[in-house]
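Me: I am new to this one. Could you walk me through how its labels are earned?

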Amino acid sequence: MFLPLVMFACSPDPSPALLLAVDRDEDGEYRVAPRPIPELSDAQHMEGALGHGYRGGRIAIELFSADMGIRYDEGGRMDLDYDVIDDVAIPMDEDGLVLWTYYHTLSQVRADLNGLGIDTEPVWPIDFAYQPAFVGMDFTSGENAAYLGSGVHLFILLPDALPAVLPLAANPGVIRHEFGHALFNVLTAGDAYAQAPYDESEDPNVTNKVRALNEGFADMIATLTLDDNDFFDLSLPSVTTRDVAADAVADATMYPENAEAYDPYALGTVYASFAWDLRELTSADQAVVLVVAAVDAWSAEAAWDDTDRWAELLLELSVAEDESLKTPLCAAFAARLPEHPTPETCA
Amino acid sequence: MTPTLLLSLFCGGGGVAHAIEGAEHSTAGVQLSAFALQTPARHAIVPALGVWASYTPRPWALTGELTLTRRAKTNDFYGVSAQLVRASALAELAMGTRPMTVHVGAGPALTVSSALTEWGETDAERITRADLGVRARVALDGPLGERLAWSWQVGVASRGIYNWDYDLGAGIGVQW
């Protein structure tokens, strides 16, 4: 057991110029291609300015603490195996492709949003755990990727249960969606590690409503920064309910007061679809800037119990920027949220 | 497993007597294993096929193993298929009540991994690596009739320093 160990293989260049990753090309097609990831300083161990990766580890609820806090016990250091051929790092395992795609996606969304004047710097770094064990939490391998807020500020990537499709953890839209949750946490809680004020509400309806907007906002970040209305199609072709260009319309059952087992994605998709309506009238870049500004404004009002107010604010901000948007956007609002009173801007 | 084989396993038979009589014996066979293969970021469970040969002059034994496993994933965007071949030689303690022998041993292992990564319409690269490491195992073996032998083992092997694979397997072979 304690024989001296010798490795024949030499360690590859830790900072290759290009790495293989799944990305959306300018022609709108997703494909594997060599991409730079400037923030990834150590491609072998998945360490860099955007966060460090760990294999395994354990996520546990501190059952006996006053706030039932969640904590992550770090796992081992990652150790990707790859070779650099013609300046491109080629992984020897699917995990390498998944993890480089993950990191590249974060790098891109950071560059995209910072370039639009949206400050994402308070979000970084976010460490991430690949296939951690869960103690006392209800996660399944079907979830594939998740953001843990609640003071933990951690991404979780899970290996995929479906063999024939692109793993959700390697889907650029899904990673941008999870990043959207982290940004939402920063925008509303003020700090990446802070407990969000709505999480402390004793009324579960408040928490659930914000969950719906949080899911919707995450979809907005994914769809608008990729300019793709249905990024789920790559990994889950059978799921059609998340297409934000479809006809999602809010009804009373989508609000937690009227639901027994609450599904935040239904109302979230309505909000994200309204943001996509704005994108159709303007551009993806303009829409994402306004969407973030609306969350900022909604958070400043602390209107946690009224997530439709966010849609009103998006309308207000958009019309304030471009008066010609008033008629079509008011029509879109009325179509997406038919039971909501007419907003002041549209009256 | 037939009742006859079970009897051979637990109660012994002609083959058992044969094994007891000898101060040393040899076995060789094929083995099916479940591998917990350490990938860069986790352990993946994959099947493995191997062959082994043991020379057992009690209380010592010398065992050689050759194991092959494959892991592949293909989707619309990429395909990664990796093969791993491991050869190991173990110096072992051989003990236990006859006819069953308990092996506890360790030794060097050489693992050759070869991965083919395909993407795009025509792009593909094959990368091959050789890693030295260590192998340790606890195994049981015994006779199964006149000439046949069975084996069961649990083991661990490293590729380099940081990658550790675990395996659990059972096999059937011959003895002389």
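Me: How do you know that the end C-alpha atoms of helix H3 of chain A are as far apart as they should be?

Reply: Happy to explain, starting with a note that this is a predicted model, in which local features need pLDDT of at least 70, side-chain atom pairs count only at pLDDT 80 or more, and totals for chains, interfaces and linings use all residues. Residues are numbered from 1 along each chain as its sequence is written, with chains lettered from A and ligands numbered from 1 in the order in which they are written. Helices (DSSP runs of H or I, at least four residues) and strands (runs of E, at least two) are numbered from the N terminus. The expected span is 1.5 Å times one less than the number of residues. H3(A), residues 204–226, has 23 residues and should therefore span 33 Å, and its end C-alpha atoms are 33 Å apart, so the two agree.

Me: What makes H3(A) mostly covered?

Reply: A residue is buried if 20 or more other C-beta atoms, placed from the backbone, lie within 10 Å of its own, exposed if 12 or fewer, and partly exposed in between. In H3(A), 19 of the 23 residues are buried.

Me: Why are S13 and S14 of chain A called paired?

Reply: Pairing takes at least two DSSP bridges. S13(A) (145–148) and S14(A) are joined by four and run antiparallel, so they pair. Ala145(A) stands opposite Leu157(A), and five residues lie between the two strands of this hairpin.
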